[in-house]
Amino acid sequence: MADPQDQQNPETTAGPSSPATRQFISFRVGDEEFAIDIMAVREIKGWTATTVLPNQQNYMLGVLNLRGTIVPIFDLRCRFGRGLTQATATHVVIIVSVDDRIVGLLVDAVSDILTVNAVDIRPVPDMEQTVDSAFLSGIIPVGESMVVLLSLENLFNQTPSAGLPAIAA
Amino acid sequence: MSLNSLKLGTKIGLILALMVIPVSLLAWLFISQSTQDAVMARSELSGIDYARGVWQSTISVTRAVGDNRATPATFLQDAPNLAALSATYDDSFKSGAKASSFLAELNRLNWPNASIPADQDVAPLISEASGLMSAIADGSQLTIDPQLDTFYIMTNMMTGQLDLAQHTALLRGSLLKLSVQSNVTPADVGALRAQIALYEDAESSLLANLDAAFRGNADGKLADAMKSSRTAFADAAGHFQSAVLDLVTKLEGGAAPTSLNLSDMQVARAELGSASAALWEDSAVNMARMLNDRISGINARMWQMLAIVGAIFLAAIALGGVIALQTTRGFARVIEVMGKIRNGDFSTEVSGTDRKDEVGQIASAVAVFRDNGLKIAELTANFKGQVDAIHKAQAVIEFGLDGRILDANAHFLNAVGYTLDEVRGQHHQLFVDPVYRQTADYRLFWEKLARGEFDSGQYKRIGKGGKEIWLEASYNPIMGLDGKPYKVVKYATDITAQKMKFADFEGQMAAIHKAQAVIEFTLDGRILDANEHFLNAVGYSLSEIRGQHHSLFVDPSYRQSADYRLFWEKLGRGEFDAGQYKRIGKGGKELWLEASYNPILDVDGKPYKVVKFATDITEQKMKFADYEGQMSAISKAQAVISFSLDGKVIDANENFLSALGYTLGEIRGQHHSMFVDAAYRQSPDYRMFWDKLGRGEYDAGQYKRIGKGGKEIWIQASYNPILDMNGKPFKVVKYATDVTEQVRNAQALQDAVRQSQQVIEAAKENDLTQRIPLEGKSGEIGSMCEGINSLLDTMSSVVAEMMDTATTISNAVAEISSGTTDLSQRTEQQASNLEETAASMEEMAATVKQNADNAQQANQLAASARGVATEGGEVVAKAVNAMSRIEGSSQKISDIISVIDEIAFQTNLLALNAAVEAARAGDAGKGFAVVASEVRSLAQRSSGAAKDIKALIVESGVQVKDGVKLVNDAGSALTEIVGSIKKVADIVSDIASASREQSAGVEEINKAVSQMDEMTQQNSALVEENASATRMLQEQAEDMHRRMSAFTVEEAAPQAARSARPSAPQAKPQAAKAAAPAHRAPVKKVANGGRSPAKMQAELHAAFDSDADWKEF
């Protein structure tokens, strides 16, 4: 429903899209803005302490009991190889559903809800290491800056090997 | 005869002999038992012999019955002589009755030579035979045969075969009877059958007995020997039985008895008869063989046993013999050794001690016994030698316990003077004096000896003729082996001579001890004992010195000396030393002892102690030393000459000789008169003088005597007649002092005194010019005169000097007067100055007081400033407090804002979730998405506002912090101000108190100045008095000058210095008189206080300048 102009102003853009538009939740990890499809989001909640499981990857922060569902929480910053997030009450966990798995992503803050016309999503430029760009499904320009659209499927289905360098590395 | 009197060999023999009896007895028992068995076997053999006769006769009859042609004799090789057998055995077998009935039966048949009819019933014969056989068996003890085989065979022989023969005969008889009957009844056949059964029983029992015998046979020979006869017999018996059965069967089959052919049966019966006979004979032969074997076996065992027993017995006898031999030999050797020991030969070796048996033990004991014997023998020899020696050396007498004399040796008899016969049997009291004899002591003495107690000592005994004897004796009760005394032996030595000598010595020693100091030492000088005299002399008690060394008594230097060591070595060698010794008593008291050190020799002539006899001669020694000292002193100081009573010179000392100028040779033997002048020599006085001395009277005085060359000498002398021990004078000693000089001096002194008197008289008249002439005056007199002269000289010069001095005093007094005037002036000046000073001080006091007041005010002001500053501090503290409260509030606001921020955050999240839900709801959520978006923007705005407020609050917090810091700075500045003000206040109060003190000080200075004023006034008065005193002084000086002028002083050359003096004293009085008024005027001026204050002032200034004694001033 929202025209391309409206997508610059999400506050005024409401309602689900026409088949040509998609909505994304954008969030910040460090200084970068990322976005995921809103339809994958199940819930957004403030950071609460997790139950740490033994012998896990370092970006696996543990699990949360979300109304009876045990949800693993991942530190996206760490997943992107930028070190562990020192989580506070102002950090946000985005509960997403990926291929029927429910996982939580720890991000610094949720920025906005973007309504984007599909044609405005730019493909990821070719890079030398195709594996790295597998996480990325596109780039959305918003005003001067750009929001990186993440592919949650690739992010969580791909088993990260020890030898695999982090995405942003 | 007792067993003890038998020797050991005999004893052993006896035992062996006695042993033979039981052994023989046992052997006999054994033999008789064995013999009995043999006899029984032989008796059995006899029984068999008898039984054979019986059997043969019987069986011959039965055999003959069946054979009509034959007589029993045909069946007998030799007809047994039954009568002989009966005669031989019936007595022993007690079978006579049976035998006679049997024989009668035989005789009835005309046995053996009559043929027996075929129908002859033989059963009675057989039963008779059977009875006889039983009797034989019993009589020959066959029935009690101990062996199984022989027993069973015997049974067959004695009863079984006869039984069978009986039954055979009965069967044959029955058949013969039937054969002649026309018919047979079943009863007959039944009877026949019963007979057959009996026959079978007999047969089978016979065979069973045979088999039992075979089985019971020990050597197994029996079965072999009798097999054939048994088989034959069994066949024959079977044939007979079958023949009989055949006949019976025929009869039962209904055959006519007459038709029966009995020949088979007859043949079988004959066959059986011969088989039975053969069996019996075989049995008898074997039985005999076995019995003979048994007999020989018994004999063989018996002899074997006897041989063994005999051998053992012989061995036992041989062993007994050997043991007896060994034991007796061992004992014999021991006995031999004992015999030697008994004879005193202890050198024998004891053999057999190595044996382990009793003999060995005895031998060991004998060896010990021999050793002990040897020791005892040695001891005995030793004792015997000693006793002999004692008997040789000492008087020995033996008494019974009741005191009766048993024996005495020659020594004793010699000592008491009796012969042995005289004293033997007498009581000991013969030797004691009658008084002692009666005493209880004497009785106790013997009772004591009788108890076995020993007594020794020195005893006084009476010899023959009442001779008194002293014995050194011991009474020794001699003990028997039971430990009880049985006699008393007394060993005695005649010590009468020694006793006498000892008594003598003892008396002498006691006398010495009474008279002299005695001390005893060991050879090394340790003190053993000392008597009372010695202790008194040295002042020690005995306990103090006992065990001490003699060196205690000598002075330390001597103690260390070689002399002292040699002294004791000499005593140690037994050499004697005597002399006068200096010794040190208790407390260092010095004493002299006239003493002898006597080493006391023991019996061997070796010294063992030293006894010192001493007399305390300290006093004499002292006195002597005193006299000697005095005499030598006199001799040194005085001239001594001794004369005989008639006046001849005996001796003179050096002093005397030098005084008179003679030598001793010149005057010795000369008369005293050579020393007196001729006039006196002739005078009766001189004679009287010597007479007086001759009477022993003493004379003393100053005497004029003439020396060599007529020199006149004065002596101060005493003539002392010396008295001998009888109080008679024997010589005269003159002690003289040469006083010639003194006499001359006395004359010179008289002259000098006279001249001195003259000079002093002149001096009394103020004439100091006279002098004593000094010519011819020497010594003290000269110096005295010279002294008087110089005294006069001194007085002259003193007078001159005094006049001079008086002039000087007058001048000085004049100067003092003018000084006093000056003093007066200066004192006045000082007084006026003091007044000015006092005024200045008043002003100063006022100023100082003002000062003090100001200081006080300043102090108060400082105090109030301090109060204000303190209040300021408190205000600052409150401000700080308020600031901190503001800080607290800011914090709270900050917290609230955080909560708001949190709410905004949560709201944002909720709005996001709402947006997500709306997106997922598709078109249905479109409106909701708008609301969510609005909510999100609200939340973001409120979050922003909260952030702004937070920033403001943080800023205000920083500012509040700055304010707090500033206020704190102000507070600390105020505190410093308070401190400074406090210090100022303190300083001001110090100033105030200092000003007060200053004020008081100035006050005191004021007082001091006014006191100074007063004192200055007093000084003025003193100056006045001073002036008047000066005046008086001037007058007295003049007076003195006048008096001095009265002396006349010699104007000789030595007094030239004083030449001006006589004029000066004369001039002075006028000058003094002229000066006096001049002096008086200034004094008056001083008193009036005219010009003197000015001078005083000047001097005061000088004093101030010198700064010396301001305070004193």
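Here are some exercises with worked solutions on this structure, which is a predicted model.

**Exercise 1. Decide whether chain B is more spread out than a compact globule, or not.**

Start with the make-up of the chain: chain B has 28 helices and 15 strands. Next, take its radius of gyration, which is 95 Å. The globule rule gives 32 Å for 1113 residues, and 95 Å is well over that, so chain B is more spread out than a compact globule. Now look at the box around the C-alpha atoms of chain B: along the principal axes it comes to roughly 265 × 190 × 50 Å. Two further values complete the picture. Of the 1113 residues in chain B, 37% are buried. Among contacts in chain B with a separation of 6 or more, 63% are between residues 24 or more positions apart.

**Exercise 2. Work out the strand order of the five-stranded open sheet in chain B, and find which strands stand at its edges.**

Begin with the order, which reads β12-β11-β15-β14-β13 in chain B, with antiparallel pairing. The edges follow from this: β12 (649-652) and β13 (699-706) of chain B each have a single partner strand, so one side of each is left without a neighbour in the sheet. On average, neighbouring strands of this sheet are turned by 30° against each other, direction ignored.

Then zoom in on one pair. Strand β14 (residues 712-723) and strand β15 (residues 729-738) of chain B run antiparallel and are joined by nine bridges. To fix the register, use B:Ser718, whose bridge partner in β15(B) is B:Tyr735.

Finally, add the helix. Helix α23 (residues 684-694) of chain B lies across β11 (639-644), β13, β14 and β15 of that chain. The angle between α23 and β13(B) is about 135°.

**Exercise 3. Describe the hairpin that β8(B) and β9(B) form, including its turn.**

First identify the strands: β8 covers residues 577-584 and β9 residues 590-601 of chain B. They run antiparallel, with eight bridges between them. One of the paired positions is B:Tyr581, which has B:Leu593 as its bridge partner in β9(B). Five residues lie between the two strands, and B:Gly587 in the turn has a positive phi of about 75°.

**Exercise 4. Classify two aromatic pairs of chain B by their geometry, and add the burial of each ring's residue.**

The whole structure holds 40 aromatic pairs over all chains. Take B:Tyr436 and B:Tyr442: their ring centres are 5.2 Å apart and their planes stand at 70°, so this pair is edge-to-face. For burial, B:Tyr436 is partly exposed at 28% relative accessible area, whereas B:Tyr442 is buried at 4%.

Now repeat the steps for B:Tyr703 and B:Tyr719. Their centres are 5.4 Å apart with planes at 90°, so this pair is edge-to-face too. B:Tyr703 lies in strand β13 and B:Tyr719 in strand β14 of chain B, so the pair ties together parts 16 residues apart in sequence. B:Tyr703 is buried, with a relative accessible area of 10%, and B:Tyr719 is buried at 0%.

To finish, place the earlier pair in its setting: B:Tyr436 and B:Tyr442 belong to a cluster linked by ring pairs, together with B:Phe399, B:Phe445, B:Trp446, B:Tyr459 and B:Tyr475.

**Exercise 5. Find which rings have the charged ends of A:Arg79 and B:Lys621 over them.**

In chain A, the charged end of A:Arg79 sits over the ring of A:Tyr59, at 4.8 Å from its centre. In chain B, the charged end of B:Lys621 sits over the ring of B:Trp592, at 4.5 Å from its centre.

**Exercise 6. Examine the phi angles of A:Asp99 and A:Asp100, then say whether each residue is exposed or partly exposed.**

A general reminder helps: most residues other than glycine have a negative phi. Against that, A:Asp99 has a positive phi of about 50°, and A:Asp100 has a positive phi of about 70°. Then locate them: A:Asp99 is in the loop between β6 (92-98) and β7 (101-107) of chain A, and A:Asp100 lies in the loop between β6 and β7 of chain A as well. For accessibility, A:Asp99 is partly exposed at 45%, while A:Asp100 is exposed at 75%.

Conventions:
Residues numbered from 1 in each chain as written. Chains lettered and ligands numbered in written order. Predicted model: local features only at pLDDT ≥ 70, side-chain atom pairs only at ≥ 80, totals over all residues. Heavy atoms only, no water. Pairing = 2+ DSSP bridges. Helix = DSSP H or I, 4+ residues; strand = E, 2+ residues; numbered from the N terminus. Axes fitted to C-alpha atoms, helices over the stretch in contact; angles between N-to-C directions. Contact = heavy atoms within 4.5 Å. Phe/Tyr/Trp six-rings, centres within 6.5 Å; stacked < 30°, edge-to-face > 60°. Buried < 20%, exposed > 50% of the residue type's maximum accessible area, 1.4 Å probe, protein only. Lys NZ or Arg CZ within 6 Å of the ring centre and 35° of its normal. Rg over C-alpha atoms; globule rule 2.2 N^0.38 Å.
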